[in-house]
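Take a look at the structure below. The text after it follows one theme, the pairing of charged side chains.

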Amino acid sequence: MPYVLRRLVATIPVMVVVAVFVFLLAHMSQGDPAAVLAGDNATVEDVEKIRASMGLDKPLIEQFLVWGGNVLQGDLGISTSTNLPVLTLIHQRMGPTLSIALFTILLAVLLAVPLGTVAAWRAGSLTDRLIMLGSVLAFSVPVFLIGYGLAYVFSVKMNLLPVQGYKPMSGGIVEYFRHLLLPCISLGLVYMALLTRMTRATVLEALGEDYIRTARAKGLGSGLVIWHALKNAANPIVTTIGVGIAMLIGGVVVTETVFAIPGLGRLTVDAVLRHDYPVIQGVLLIASAVYVLINLLVDLSYRLFDPRMDR
Amino acid sequence: MTMKNACVKTLIAGMTAAGLLLTSGVAWAATTVRLAPTADLKTLDPLFNTAYITRNHGYMVFDTLFAQDSEGKVHPQMVDTWTKSDDGKQWSFTLRDKLQFNDGTPVTAADCVASIERWSKKDTLGRLLMKAGATFKVVDDKTFEISLEQDFGLVLAALSKPSGMPLFIMPKRLAETDPSVPVTEMVGSGPFLFKKDEWVPGNKVVYVKNPNYTPRAEPADGLAGGKVVKVDRVEWIYIPDANTSAAALQNGEIDMIESVTPDFLPVLEGNSEVNLITGVASQGMIVPNSLLPPFNNSKARQAIYHVIDQAAFLSAVGYGEKYRTEYCPSMYTCSSPLATDAGAAPYKTPDFEKAKQALKESGYQGEKVVILYPTDNVNSPANLVLAQAMQKAGFNVDLQAMDWASVAARRLKKDPVDKGGWNIFLTHGGYFDANTPATNPWLSAPCGNGLPGWPCDEELDKLRAQWLAENDEAKSKALAVKIQERAYESVPYVMWGEFKPVIATRGLTHTDLMKIGIPVMWNVDKK
């Protein structure tokens, strides 16, 4: 069986375990979606009627089998709080989340890989120290603080960019980017710091290898030496990028909350607060599938950078 | 501004202008009001639960038979004329002309009767109406009748109930839905149309002007009078972070915040472009579990009253002196027509010695008292003040932190504390959910009720029954005074203070109607 197919088949038991775990985790929590839905002044009888109408009075195993059967048919169920299909809710939130994830990673990679490489090349110099200081700062300051700071300066004080919200690309490309800029910068700084440090460490390690010394001894130019080192240091960097994308797609709750962006992270937190089981289960299942898929892609990409993996 | 800033600003302004050209001209030509609501709209059916956000949505899409003005007087809204028999037991109502649902069908008496029947299965006043033996009859397309077996002085008050669960009229086919199942098809006859295709839960709710709505001729006052819509589109933008919503208002991205988080009031007060509107008062409520010791004894419940310093609670939540009533003794709120200080004298100032004495008389043995403490609630600091004050009075307090969803589930349990039960939770009610013995949930709950806390006082039940049957205004008010006196003795709940939620607007005119505490968008215009 080809490698890719084997890896894909191996994801099936993983997803089954995830499904069981997600279902149990959601249902083991203390809250009651019917009580939340019924409102403040609801009586016990009101709540019991709503619970019955949601099917929550049925045995847990029966609820799991119904849900599992529907999932196999591509139906993630209906949100208990909004009465909308879970797939519709996820579809509504996918645009903002994908946009933030892709542009944040793009921003981070475009800046972090060159910065990390320069820091490694000039290890111990003032440049290296300044880059490392910047990355430590960016990594240490909480994202919400960076977000509030950026919003205060660029929105409230300078009135240049919007404080909140998301505009889809269909509403104009400029508005789309204007709404993404601040969240992506505030979030990207953390990832940039992480990637810069990772790139510096791996490139520095590669620069100490025998083949680099040989290349230098043969008179290879600095640029080519760095390129060789970077290519050999690529795997850990790609892994970090992959994990970063997966984490961002899973939802970045704080950034989404600070900038009022309707992404998957807020959908999940909101569902948890309301004990909206179908939404919790649906989002976590899809996020897990995305995580598995990205890990697979990362594994496959190793072969591009390291031909030895094919052996 | 530095040269660099100027360049950046020019560049982004240019990009914005280009972006505007790329976007649809139609969308920008329409007058749109953007409002940041207090909560996210989840349930569309206004006859399903008592969430304020669902009620507010109801006022956008649906209309009511009667409505109350800013002074609480009842006026016809969908109704044109009505008659009442001398004994007050036979009522006849005729609808006004040109009423139609947004699916094009006319509003009929049958729709009204079906809506009343569904509402009366869920709402407190509706249940009381049914308890008085109400039956309904459709006379013709525009006329229906209500017949009562017993005296009931609140027929118009019930039909015009402004909050909790107002009586919104929906088509008969939808009103026949089981009350425990939410209606999801939004067909109303109100001033706005709900755009379900643009609804993004957790983010945005969109309404557009209903072109077929015919407002009444009278000027708008409170919820009554002509609902003249002056804007084309209303967007509710849910912004979960209070700091972001305040910044968005200052930046002109939204036109209104429904209820400003107290911490941000000083920031907005300093902005000359922002208009702050103080609404009618809301009441903080402490609900003891009357089924379990120690609060199954009224003396222990009185002990809580003896430790309440309303100013301390309100300060902790963040309401400065401008936005609170320094001390309010009235269970009907201090600005309501029924406001009274009857029975409150022993509790005006906190007295820990009296609290200890009452606690001793209750037979309290030092058992654990569980306070359900929701950390994700705007009033959560009030729980800490209560816990500290109760500890000082000798209660063995167990403050259990959790999210509101867990509080909502846990408070339904009647089990003992060691089996997941509880003793106290805090909440609050808007003006319309506190201002009478019938609308205040913990004052109106009779023995055998299903309301968490399960208060029961047969003497209070008798007084309330007399009040409900009373048609004379002066006698009714005297009975309300007696009800409060009795409530201060039996203590079905405890007030922790009265605060005035603040609405913030920017660039809007004719916003006075919102002082009733409900963000009605008719008559509002944009500069």
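What follows is a short walk through salt bridges in chain B.

The model is predicted. Side chains of opposite charge can pair when their charged atoms come close. Over all chains, the count comes to 27 salt bridges. Three of the pairs serve here as examples.

Start with Glu176(B) and Lys172(B). Their side chains meet in a salt bridge, with N and O 3.0 Å apart. Where does Glu176(B) sit, buried or exposed? Glu176(B) has a relative accessible area of 51%. The cut-off for exposed is over 50%, so Glu176(B) counts as exposed. Its partner Lys172(B) has a relative accessibility of 37%. That value makes Lys172(B) partly exposed.

Move on to Arg324(B) and Glu326(B). This pair also forms a salt bridge, at 3.2 Å from N to O. The two partners fall into separate classes of exposure. Arg324(B) has 9% relative accessibility. Buried means under 20%, so Arg324(B) is buried. Glu326(B), at 42%, is partly exposed.

Now turn to Arg233(B) and Glu235(B). Their closest N and O atoms lie 2.9 Å apart, in a salt bridge. Are these two residues buried or exposed? Both Arg233(B) and Glu235(B) are buried.

This pair also belongs to a wider set. Which residues are linked with Arg233(B) and Glu235(B) in a network of salt bridges? They are Arg34(B) and Glu198(B). Find these four residues in the structure, and the network can be traced from one side chain to another.

Conventions: Residues are numbered from 1 along each chain as its sequence is written. Chains are lettered from A and ligands numbered from 1 in the order in which they are written. This is a predicted model: local features need pLDDT of at least 70, side-chain atom pairs count only at pLDDT 80 or more; totals for chains, interfaces and linings use all residues. Side-chain values use heavy atoms; hydrogens and water are left out. Buried means under 20% relative accessible area, exposed over 50%, partly exposed in between (1.4 Å probe, protein chains only).
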